[in-house]
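Opening the notebook on a new model today. I want to walk through its sheet first, then a couple of serines.

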Amino acid sequence: MAAAGRQDTIFMQDSLKPEQVQKALRTGWLGRSYRYLAAVGSTNDMLKAEESGGRSSNDAGTVLLTDYQEQGRGRLARSWEAPPGSSLLFSILLRPGWPVERLTWLTMICGLAVSEAVEQQSGLKARLKWPNDCVLERENKWQKYGGILLEGTVSERGTVKYAIAGMGINVNIPAKELPQTSFPATSLLAANGRPLSRLDLFCTILSCFEAHYDRAAQGVSPHAAWQDRLIYMNERVVVSRLGQGVDVAGQVMGTDASGRLQIRDDDGAIRYIAAGDVSLRQYLEQ
Ligand code: BT5
């Protein structure tokens, strides 16, 4: 009872409103344009709708954050669920102007920023599951505490005109309120046994993101650091191509520079799999 009371108090003090965020933010450009909404359909959808009219006045580095999404989205038609006030749910608008081949760098940068910030703030070891999941190891099993949704638009010149990088992180979701998902979900609270300041975590993510992004803008690829955090390396996995029902089983050999998964299938052929329409799971002996 005392513990629950203490947790409620922490939730109430943990405001992500602009005044608190601007005071705590240590970035140069990222999040300096910042909007908070108590609730919204989806932060990605809202930024996308603003951009698609072609008259957006959003600066590059604009961040939109909410305490609750009514229609939070994952890839394809999948949903992202989080109880109000429990999580970090936000999207960053970027205008990289990079060649489209580097669009996947943004997913890598998100994964690195979230992982580094989680490690700094919680002490937990943060890993990534290809292509866009943030995972932790608990009781010898991988569990998902966050997801990345990157959406981009390409110009006629083949450069990334704008991109929206959405991140959902289960910060203070109590274990009993975690969504029931096929790949097990966890939260930083469930994994660490204590609530974390969403504000500190959020500001640290933005600092880490900005540092990686600025390096990438100079042409330095985040690929090696990102690949170092991937789980399932050299293990046997099954990749399901959604909508086509085709499974590729094989051993993970690595990823290429643009982040495609490299698998040696059972015939010994090397297959390259791009993110987007696939899901990955560990191969389990029947
Ligand atoms: C993702 O998609 O993991 C990307 C999620 C991105 C969410 C952020 S929140 C801010 C921004 N605005 C949005 O509308 N979205 C972004 P995917 O790999 O497709 O995984 C989706 C799957 O994760 C679902 O089908 C569920 O199985 C599972 N899932 C849903 N909610 C979860 C949660 N809170 N924790 C762990 N797993 C969850």
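Before counting any pairing, I note the rule: two strands pair if DSSP finds at least two bridges between them. This is a predicted model, so I keep to features with pLDDT of at least 70 for local detail.

**Entry 1: the sheet**

With that rule in hand I looked up strand 2 and strand 3, and found them running antiparallel, joined by 4 bridges. Leucine 64 in strand 2 faces serine 91 across in strand 3.

On to strand 1 and strand 2. Here I get 4 bridges again, but the two strands run parallel. Tyrosine 36 is the residue standing opposite leucine 65 of strand 2. I followed the chain from one strand to the other and found a right-handed β-α-β unit made of strand 1, helix 3 (residues 43-52) and strand 2.

Then I zoomed out. What order do the 7 strands take in the open sheet? I read 1-2-3-7-6-5-4, with mixed pairing. Strand 1 (34-37) and strand 4 (127-129) are the edge strands, and each pairs on one side only. I also pulled the twist, which averages 20° from one strand to the next.

One more pair before moving on: strand 5 (residues 133-138) and strand 6 (residues 141-154). They pair in the antiparallel sense over 6 bridges. I marked leucine 136 opposite glutamine 143 in strand 6.

**Entry 2: side chains of strand 2 and the helix across the sheet**

A reminder to myself: in a regular strand the side chains alternate between the two faces of the sheet. I checked which way the strand 2 side chains go. Val63 and Leu65 point one way, while Leu64 and Thr66 point the other way. I find all of them buried.

Next I asked which strands helix 6 (residues 198-217) lies across. I have strand 1, strand 2 (63-66), strand 3 (88-94) and strand 7 (160-169) on the list. The helix runs at about 25° to strand 3.

**Entry 3: serine 42**

I went to the loop between strand 1 and helix 3, where serine 42 sits. Is serine 42 buried or exposed? Its relative accessibility is 4%, and the cut-off for buried is under 20%, so serine 42 counts as buried. Leaving aside neighbours within four places in sequence, I list Gln69, Gln71, Gly72 and Arg73 as its contacts. The serine 42 side chain also reaches the backbone nitrogen of asparagine 44, at 3.3 Å.

**Entry 4: serine 122**

The other serine on my list, serine 122, is in helix 4 (residues 103-122). I get a relative accessible area of 7% for serine 122, so under the 20% cut-off it is buried. Not counting residues up to four places away in sequence, serine 122 touches Asn192, Arg194 and Leu196. What does its side chain reach at 3.0 Å? I noted the backbone nitrogen of leucine 124.

I also took a long-range distance: the C-alpha atoms of serine 122 and arginine 241 are separated by 35 Å, with their positions 119 residues apart along the chain.

**Entry 5: domains**

Last, I looked up how the protein is divided: domain 1 covers 2-228 and domain 2 covers 236-282. Their C-alpha centres lie 25 Å apart. For the contact I count 13 residues from domain 1 and 16 residues from domain 2.

Note on methods. Residues are numbered from 1 along each chain as its sequence is written. This is a predicted model: local features need pLDDT of at least 70, side-chain atom pairs count only at pLDDT 80 or more; totals for chains, interfaces and linings use all residues. Side-chain values use heavy atoms; hydrogens and water are left out. Axes are lines fitted to C-alpha atoms, for helices over the stretch in contact, and angles run from 0 to 180 degrees between N-to-C directions. Contact means heavy atoms within 4.5 Å. Buried means under 20% relative accessible area, exposed over 50%, partly exposed in between (1.4 Å probe, protein chains only). A polar contact is a pair of N or O atoms within 3.5 Å; within protein, one must be able to donate a hydrogen and the other to accept it, and residues adjacent in sequence count only if both atoms are side-chain atoms. A crossover is right-handed if, with the strands pointing away from the viewer, the path from the first strand over the helix to the second runs clockwise. Domain bounds come from an automatic or database domain assignment.
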